[in-house]
Amino acid sequence: MNHTPPPSDKHDNGDEKEGYQPRQTSDSFAVEEPLHRPSTKRGLTARHALFIAWGGTVGTGLFITTGKTLATGGPAFLVGSYVFVSVLVYFILTGVVEMATFLPVRGGSMSRYSDRFVSNSLGFAMGWLHVYAFAILVPFELTACAMLVDFWQPGINSAVWISILLVLQVILNVLPVRYYGEAEFVFTGVKLATIVGLMLLSFVLFWGGGPDRHRLGFHYWKDPGAANTLILEGDAGRLVAAVATVISCILPFTFTPEMVIGTAAEIKDPRKNVPRVAKHFTWRLVVLFVGSVIGISVICPSNASNLTSGSDAVASPWVAGIRQAGIGGLDSVINAMDAKAYGGNDWLGHHWHQIKDQEHAGPLLTTVVVVLLTYVLYTVMYATDIPHIQGMPEIPGAIPIFGHLLKLGDDHATVCEKWWRQYNHSVFQVKLGNTRAVVVNSFDDCKKMLLGNQNAVIDRPKLYTFHGVISSTQGFTIGSSPWDESCKKKRKAAGTAMSRPALRNYYPMLDLESYCILRDMKTDSVNGQVEIDVRPYIQRYALNTTLTLCYGIRMDAVYDDLLREILHVGSAISLLRSASENLQDYIPALRYLPNNEKNARSKELRERRDAYLDHLLNKVREMIKNGTDKPCISAAILKDEETKLSGVEVSSICLSLVSGGFETIPGTLTSCIGSLSTEEGQAWQDRAYEDIKRHYPDIRDAWTDCFKAETIPYINAIVKEAGRYYTVSSMSLPRRTVSEINWNGAIIPPKTMILINAQAGNHDVDHFGSDAGTFGPERWLKTLDPPTEADINGLGHLSFGTGSRACSGQFMASRLLYSALVRILSSYKIVASKESPPNTDYVEYNQFKTALVAIPKEFKVKLIPRDTATTAEILDLAEHRTREHYKE
Ligand code: HEM
């Protein structure tokens, strides 16, 4: 710029009455600072300013979020991105420093300079960007600092730490500017010393100076690799990872130029000092930032397990790297330094100073308003329906508004199982948005919660989408009904219909439906020549059994339109019931977003479900009129005018039974067949077949008896193991307390959501032994030759729940699984397809982890006939026997 410089700054002598007076020339960028305009004190030295700039720049980003960036891109992209962004920032910095030196005035900022040198519009946009960034960054810093403190003191509500930090921050910032500058000097000095120390540590580890004397070199650049892929595979995936890395590494640089020029209005002798500060700052920025990430890339592998665990201290790549190197205790020290990185932060402070040191502004009032607003804001953002439960551990890392929802990801059961092991608490509290929930994980604790407190946990919570939108027409299903008189009646009616003695009424239906599985599998597989997916047959089996039970109606074709519609709508609704998929149940503000997709989808599904339920009920009415109705729940109730159940209650019972069956049986039985079809499973199939023959030397008898009694021990063992291992409803159905529960001294108040992590309990090594994570039907047998069932003392597994709201259909479920397995295993040997084999991992087998009930990934099997002639004869007999059942 060639303009004549303005006269030297009058503030140098500390005379605060005199504002900065530019020369008013026609061709210069004159500054319209009136003489008496309130201004700031010039109390900062170049050293203060340099450290304030550092304090604001080195923080959360470099210490912690670099972990996520490393995990996203790998070491090469991490280092490359830092170099790239450093260059970018350098250019911006040199430009704005020039302006700040020229006009070192109060309020000198990107917005002010843009306004002054470019246009009002740019200044306006930059100003709002500034407001937005501070509105996000200050709470972010305070929250992150609270998380770090949580590293040592888990379980204390983050609001406590945030309050303390906020008060400290305010005290620090209302001190006169030179004290503030000194405090920043000390804090930032500690931070810089830490970084330099960490870089030295990386250097030592690089050359093999760690406890194990292992020379790291650039080992982690080779294993797990220099560059990661993201979303896509191959080069395209690497490109996505590179872009994502650049974007995420911008955070540590946020406000870097601003921090340098932000002190211009308070620094002594700005013309001399601002460029000096900028010069020192720039080369150190490059050395320290790029040096740090090179250090990180040396000591921390990009696949270290904690890097993506959120923003808490264990996600710091330094902590992960130090742990990896086996250096004990140092991680805690680094955490302390990280905490300092936030605690000494000054974005907020610096701006307050600009307000505070003005002559006429009401600093106290401003401070009070800011504190009050911040308090109200975070109280609202942290509010939950139930206050923190004293004495019960809380998982660290809850963030405002969302609580733990984002940390819980898609698969709540697996994440909670991991937390149980990581924090060593089987029972803990979490925040699902505005809802506090207690999660129970170990087998013994689940049992104690459900059985020991069965009266207290008899209720179910109401959720906005499912209860308010989807269920507004047909009433709640039993499994989602809060505990009241109507629910009691519905549960009693369903319990009677599904009781063990009542099962005899359904023999014809069980005979027919399990026969149809074999009939169609035989045809579609051309008696074993073509590989097939067994799930559609089992879906029809499960759906038809409950449809006949409720309406006396069935569908013969596997791909019947109505059948597929019911299955589709059911699965889609199951997705909307899950906390991970449907955040609006826990974050009420989301409900009011325009074009609420969740509500629109819910309404559409509700209409589709109403349509088929009405269709089914009208069909029953018509059959009653024509005298062709079959014995079923709805006909019995429709005919009985004395019934104590309302129309909505009848619908609700039928809906509960229909969905209860088709959502769970296919998942369990299909995945069980997957495990049996593996190489290891061949031996289980052979032993099962032997056991069938031991009880029924004539297989024809096994076919006619299997739906009447569950007598074959090996098949019972498979049924139990399928239920345990493939916990299709991994988080069970949520419960809600109606009265206080004293849980080892912690008082869980009424109306608290209780989540039973059945998946975790079912794979608890302390209960099921070290092989709890593998499928093994023989765990349920006490002898193998001949197979005899082990005595189970009470509860075998958690898949049906237990206690006051246990699954009403569990006897029916066991009978359905048993009958189908006897018939399939006695007719065919099942071998997994080589091209599309089953996934038998108890977490990964599920294709929709967000859904309330698991839907297994598709796979195919080959059916090898055991005895073609006998099977053909048996099917013939079954066809004759069932021909007239449920014929319309
Ligand atoms: C493998 C098959 C099944 C599994 C794994 C299963 C699992 C479950 C679970 C976990 C619950 C919640 C229990 C609790 O809160 O403690 C439940 C409730 C229920 N299930 Fe099942 N279920 C199965 C089959 C069935 C069948 C076939 C029916 C009906 C035909 C059925 C009807 C119900 C009903 C009505 C409830 C609600 C009970 C209440 O809230 O009072 N279930 N089931």
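Where in the chain does Ile231 lie? I found Ile231 in the loop between α7 and α8. I went there for its backbone: phi of Ile231 is near 60°, a positive value in a residue other than glycine.

**Entry 1: how far to trust the model**

I remind myself that this is a predicted model. I looked up the confidence next: the chain averages a pLDDT of 83, and 83% of the residues score at least 70. Residues 1-36 have a pLDDT below 50, though beyond near neighbours in sequence this stretch still has 65 contacts in the model. Residues 339-362 also sit below 50, with 83 contacts of that kind. Where pLDDT is low, the predicted coordinates should not be read in detail. For the model as a whole I noted ipTM 0.98 and pTM 0.65.

**Entry 2: the backbone around Ile231, and beyond**

I stayed in the loop between α7 (219-222) and α8 (234-248), where Pro224 is found too. A cis peptide bond joins Asp223 to Pro224, with omega about 15°. I then noted another cis bond, from Asp785 to Pro786, with omega near 0°. Pro786 has its place in the loop between β7 (781-784) and β8. I jotted down the background for both kinds of entry: most residues other than glycine have a negative phi, and most peptide bonds are trans.

**Entry 3: annotated membrane spans**

I checked the UniProt record, an unreviewed entry, which marks residues 44-64, 76-105, 117-140, 160-180, 192-210, 239-261 and 281-299 as "transmembrane region". I looked at two of these spans in the model. Residues 76-105 are 90% helix and 0% strand, and their end C-alpha atoms lie 42 Å apart. Residues 192-210 come to 79% helix and 0% strand, with end C-alpha atoms 23 Å apart.

**Entry 4: the iron**

Which protein atom serves as donor to the iron atom of the ligand? I found a single one, the SG of Cys807, 2.3 Å away. Cys807 has its place in the loop between β8 (787-789) and α31.

**Entry 5: the largest cavity**

I turned to enclosed space and got a count of 13 cavities of 30 Å³ or more. The largest has a volume of about 850 Å³. I listed 43 lining residues for this cavity, and those nearest its centre are Gly660, Thr664, Leu733, Cys807 and Ser808. So that I can find the walls again, I wrote down the elements giving two or more residues to this lining: α19 (485-497), α21 (535-551), α25 (647-676) and α31 (810-827). α25 gives the most, with 9 residues. By class, I have 20 nonpolar, 17 polar and 6 charged residues in this lining. Cys807 thus turns up in two of my entries, as the iron donor and among the residues nearest the centre of the largest cavity.

**Entry 6: the second largest cavity**

How much space lies in the second largest cavity? I noted about 260 Å³. It is lined by 21 residues, and the closest to its centre are His412, Ser578, Ala579, Met731 and Leu852. The elements giving two or more residues to this lining are α16 (412-423) and β6 (753-756). I sorted the lining into 11 nonpolar, 6 polar and 4 charged residues.

Notes. Residues are numbered from 1 along each chain as its sequence is written. This is a predicted model: local features need pLDDT of at least 70, side-chain atom pairs count only at pLDDT 80 or more; totals for chains, interfaces and linings use all residues. Side-chain values use heavy atoms; hydrogens and water are left out. pLDDT is the predictor's confidence in each residue, from 0 to 100. Contact means heavy atoms within 4.5 Å. UniProt positions are given in the numbering used here, feature names are shortened, and annotations may be inferred rather than shown by experiment. Helices (H or I, at least four residues) and strands (E, at least two) are DSSP runs, numbered from the N terminus. On a 1 Å grid over the protein atoms alone, a cavity is a set of points where a 1.4 Å probe fits but cannot get out, and a pocket is an open set with protein on both sides within 12 Å along at least five of seven lines; lining residues have an atom within 4 Å of a point. Grid points are joined across faces, edges and corners, and a volume is the space filled by probe spheres set on the points. Ala, Val, Leu, Ile, Met, Phe, Trp, Tyr, Cys and Pro count as nonpolar, Asp, Glu, Lys and Arg as charged, and the others, Gly among them, as polar. Donors are N, O and S atoms within 2.8 Å of the metal (3.2 Å for Na, K and Ca); water is not among the atoms, so sites may look incomplete.
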